[in-house]
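Reader: I would like a close look at a single part of this model, taken strand by strand and then through its side chains. Please keep it plain.

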Amino acid sequence: MADNNFVTLTDSEGASAVVAPELGGWLLRYARSLPEHGLVESLHFSQATVDRHPREMYAGIPVLFPLVSNNRVADRDHHYEWNGQIYEMPQHGFARRSKWGISEQAAASVRLELTDSEATRANYPFAFRFCLT
């Protein structure tokens, strides 16, 4: 990968994955060798896909948090109500457009972490620490 912000993981059996922590923890590529087929890419990576982020994210596997679908309050799309207050929330949440930190990394695994901030609390008024390995 040309971008140094991608994490490439490989295991002892030759499977590989590419994760982009700074692009929402997005799993961009996954490939593994199958005896009858050779190397099979389950998720195909292309730079064009990455270049569309965050406008279009229909490839790979993005992290959907704290909501996985569209939400609506009265006639307002992308909003929800909590304790009498209405908050705006992008479709599928904000995690897929957030920069994740790396708290642990090995050859075959990476642990990503997203924590609340002033920016997240504007849409989601809760303290949180979301870890994904």
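Author: What follows looks at strand E10, its partner strands and the core beside it.

The model is a predicted one. Strand E10 covers residues 110-115, strand E9 covers residues 101-105, and strand E11 covers residues 129-132. Together they make an open sheet of 3 strands in the order E9-E10-E11, and the pairing is antiparallel. E9 and E11 stand at the edges with a single partner strand each, so each has one side without a neighbour in the sheet. On average, neighbouring strands of this sheet are turned by 25° against each other, with direction ignored.

Take the E9 side first. E9 and E10 are joined as a hairpin, with 4 residues between the two strands. Their antiparallel pairing runs over 4 bridges. Gly101 has Glu113 of E10 as its bridge partner, and Ile102 has Leu112 of E10.

On the other side, E10 pairs with E11, again in the antiparallel sense and over 4 bridges. Here the bridge partner of Leu112 is Leu132 in E11. Leu112 therefore has a bridge partner on each side, given that E10 stands between E9 and E11 in the order of the sheet.

The side chains of E10 divide between two faces. Val110, Leu112 and Leu114 make up the covered face, while Arg111, Glu113 and Thr115 make up the uncovered one. Glu113, the bridge partner of Gly101, thus belongs to the uncovered face, and Leu112, the bridge partner of Ile102, to the covered face.

Next comes the nonpolar core. The largest one has 17 residues, and Phe94 and Tyr124 have the most contacts inside it. At least two residues of this core are supplied by each of strand E1 (7-10), strand E2 (16-20) and E10. The largest share is that of E10, with 3 residues.

Phe94 also gives a direct link to the strand. Leaving aside residues up to four places away in sequence, Phe94 touches Leu114 and Tyr124, and also Phe65, Pro66, Met89, Thr120 and Phe128. Leu114 in that list is one of the residues on the covered face of E10.

Apart from this core lies another, of 9 residues, and its members include Phe6, Val18, Ala20 and Val50.

Terms used: Residues are numbered from 1 along each chain as its sequence is written. This is a predicted model: local features need pLDDT of at least 70, side-chain atom pairs count only at pLDDT 80 or more; totals for chains, interfaces and linings use all residues. Side-chain values use heavy atoms; hydrogens and water are left out. Buried means under 20% relative accessible area, exposed over 50%, partly exposed in between (1.4 Å probe, protein chains only). Two strands pair if DSSP finds at least two bridges between them. Axes are lines fitted to C-alpha atoms, for helices over the stretch in contact, and angles run from 0 to 180 degrees between N-to-C directions. A nonpolar core is a set of buried Ala, Val, Leu, Ile, Met, Phe, Trp, Tyr and Cys residues joined through side-chain atoms within 4.5 Å. Contact means heavy atoms within 4.5 Å.
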